[in-house]
Amino acid sequence: MTNTLHIIGGGMAGSEAAFQAAEAGVPVVLHEMRPSVGTFAHRTGNFAEMVCSNSFRSDDDERNAVGLLHWEMRAANGLIMQMAHNHRLPAGGALAVDRDLFAQSVTDHLLAHPLITAAPGEITELPQDGHWIIATGPLTSGALAESIRAETGAEALAFFDAIAPIVYADTVDMSVAWMQSRYDKGETVEEQTAYVNCPMTKPQYEAFIDALLAADKTEFHEGETAGYFDGCLPIEVMAERGRETLRFGPMKPIGLTNPHDPSVKAYAVVQLRRDNALGTLYNMVGFQTKMKYGAQTSVFKMIPGLQDATFARLGGIHRNTFINSPTLLDNRMRLKSRPNIRFAGQITGVEGYVESAAMGLLAGRMAAAEILGRDLPPPPLGTAMGSLIHHITGGAEAKTFQPMNVNFGLFPPIDAKGGRRGRKDRYKAYTDRAKEAFNQWLAAQS
Ligand SMILES: Cc1cc2nc3c(=O)[nH]c(=O)nc-3n(C[C@H](O)[C@H](O)[C@H](O)COP(=O)(O)OP(=O)(O)OC[C@H]3O[C@@H](n4cnc5c(N)ncnc54)[C@H](O)[C@@H]3O)c2cc1C
């Protein structure tokens, strides 16, 4: 093998990976198909084009997990954060940028780097040999996606995400909800009590259906069609098909007894299932939705037990190509079946510009280390990058794996007092712990 690193995709992840590897002294060839082959969302031929919002979200590195990820990327000499800072626009606590100046400056930096060569054009097949990073994003071209599918199997490559909202476990009101699997199924007590159940009376269910039908929804993007989503219908579409559809579908109350009031049978039940090995996150089973975020928060808070819930992420359905990383990748982001190939960015099952760039940063550093004859372990679990890579390469439930934003639910818990004040203090404790651990991880590389 040569010591050149090839990267497919010059988006958020590929651009950051190229910069990191080149800065480590490794020659990089960056393959990008735009502008000769386009996608429905990109407009230009620039690297790191922002396809929708011009914001990298919160820049609060003390009490916000995205802000902490910004901090870690800056500490690791991240190009995306550096260029974002240079082209920042006033946006309160958020890091918003002039998208054209930002993408142009990333492009100029990469093209000017002595160790980076741009290779325009679409790559249509998984490469056989050499060192590669695949960072082709949610809109990976069809031919390459087919080739990935041939390697990983159809089950392990998704073409859209259908994300059910995810709730922080410690914000569910367990004086209303209870833990039980339907018909107490399972061999162990843990299995028999695997789900959180939120009961509804008939009037509560009727009010919930009314709210679902009235809620603001987002439209499908051009290039997405409802046909993608057969078998995975948004809950509001199920409600449109009949007021009882949900009660006979994801909200069926059968096989469950409410220990808070065993004599009263719930009219409908919303079930939440554990979403990570730490047990800090629960997803709302079957609750994929196209409701706008504001509507989701108010409608879901009508569910008894979730009245004070905090959401680690809200639901959505989008065109999105991503692999089942928990089964396919090792913790160095290598494809287990073809370890000369790494994956990075949104295609690994993270979601968002920042998370994608962060995974590019790790993949670029790990690939460079390997080429230089070293091994780079992932950052510790208590850091934002470490929590994300741990989640996608092992911590997440493989069977229900869906793209994930960075959030404190992915971090090992820290003890702190409950309540609002307590939560703020806890977030600060998370970020303090993360910064120290991240600095140690960086120091070990120098
Ligand atoms: C419609 C839409 C709207 C979104 N809005 C937001 C938002 O507002 N905020 C947010 O944080 N995230 C948003 N996302 C998610 C966003 O795409 C990702 O967070 C981020 O851009 C992913 O980074 P990436 O590097 O993995 O992929 P991308 O940035 O998409 O980069 C992948 C690159 O690979 C190239 N490519 C694909 N196939 C090939 C091939 N075969 N050969 C060569 N090159 C190829 C593409 O042209 C592209 O440049 C949105 C996604 C979509 C699809």
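**Exercise 1. In which strand is the place of Arg57?**

Before we start: this is a predicted model, in which local features need pLDDT of at least 70, side-chain atom pairs count only at pLDDT 80 or more, and totals for chains, interfaces and linings use all residues. Residues are numbered from 1 along each chain as its sequence is written, and side-chain values use heavy atoms, with hydrogens and water left out.

*Step 1.* Arg57 has its place in strand β3. Strands here are DSSP runs of E with at least two residues, helices are runs of H or I with at least four, and both are numbered from the N terminus.

*Step 2.* Look at the backbone: Arg57 has a positive phi of about 65°, although it is not a glycine.

*Step 3.* Because its relative accessible area is 28%, Arg57 is partly exposed. The scale is: buried under 20% relative accessible area, exposed over 50%, partly exposed in between, with a 1.4 Å probe and protein chains only.

*Step 4.* Asp184 also deserves a look: it has a positive phi of about 55° and is not a glycine. Asp184 lies in the loop between β10 (178–179) and α6 (189–192), and it counts as partly exposed because its relative accessibility is 44%.

*Step 5.* For one more backbone feature, go to the peptide bond from Arg34 to Pro35, which is cis with omega near 5°. Pro35 is in the loop between β2 (28–32) and β3 (55–58).

**Exercise 2. Work out the surroundings of Asn197.**

*Step 1.* Place the residue: Asn197 is in strand β11 (residues 195–200).

*Step 2.* Asn197 counts as buried because its relative accessibility is 0%.

*Step 3.* Find the polar partners of the side chain. A polar atom of the Asn197 side chain lies 2.9 Å from the backbone oxygen of Gln180, and one lies 3.5 Å from the backbone oxygen of Tyr195.

*Step 4.* List the contacts (heavy atoms within 4.5 Å). Leaving aside neighbours within four places in sequence, Asn197 touches Ala177, Trp178, Met179, Gln180, Leu256, Val269, Val270 and Gln271.

**Exercise 3. Trace the sheet that holds β7, then follow the chain to Thr136.**

*Step 1.* Write the strand order: 6 strands form an open sheet, β6-β2-β1-β7-β17-β16, with mixed pairing. Two strands pair if DSSP finds at least two bridges between them. The edge strands, each pairing on one side only, are β6 (116–120) and β16 (334–335).

*Step 2.* Take the two neighbours of β7. Strand β1 (residues 5–8) pairs with β7 in the parallel sense over 4 bridges, and Ile8 stands opposite Ile134. Strand β17 (residues 338–343) also runs parallel to β7, joined by 3 bridges, with Ile341 as the bridge partner of Trp132.

*Step 3.* Check the faces of β7 (residues 131–134): His131 and Ile133 on one side and Trp132 and Ile134 on the other are all buried.

*Step 4.* Move on to Thr136, found in the loop between β7 and α5 (142–152). Thr136 counts as buried because its relative accessibility is 18%.

*Step 5.* Leaving aside neighbours within four places in sequence, Thr136 is in contact with Ile8, Gly9, Leu144 and Ile347. Its side chain is joined to that of Thr140 by a polar contact of 2.8 Å. Such a contact is a pair of N or O atoms within 3.5 Å; within protein, one must be able to donate a hydrogen and the other to accept it, and residues adjacent in sequence count only if both atoms are side-chain atoms.

**Exercise 4. Describe strand β8 and its pairing.**

*Step 1.* Strand β8 (residues 157–163) is mostly covered, with 5 of its 7 residues buried.

*Step 2.* β8 pairs with strand β15 (residues 316–323) in the antiparallel sense over 6 bridges.

*Step 3.* Within this pairing, Ala158 stands opposite Phe322 in β15.

*Step 4.* β8 also lines the second largest pocket, supplying the largest share of its lining, 6 residues. A pocket is an open set of points on a 1 Å grid over the protein atoms alone, where a 1.4 Å probe fits, with protein on both sides within 12 Å along at least five of seven lines; lining residues have an atom within 4 Å of a point.
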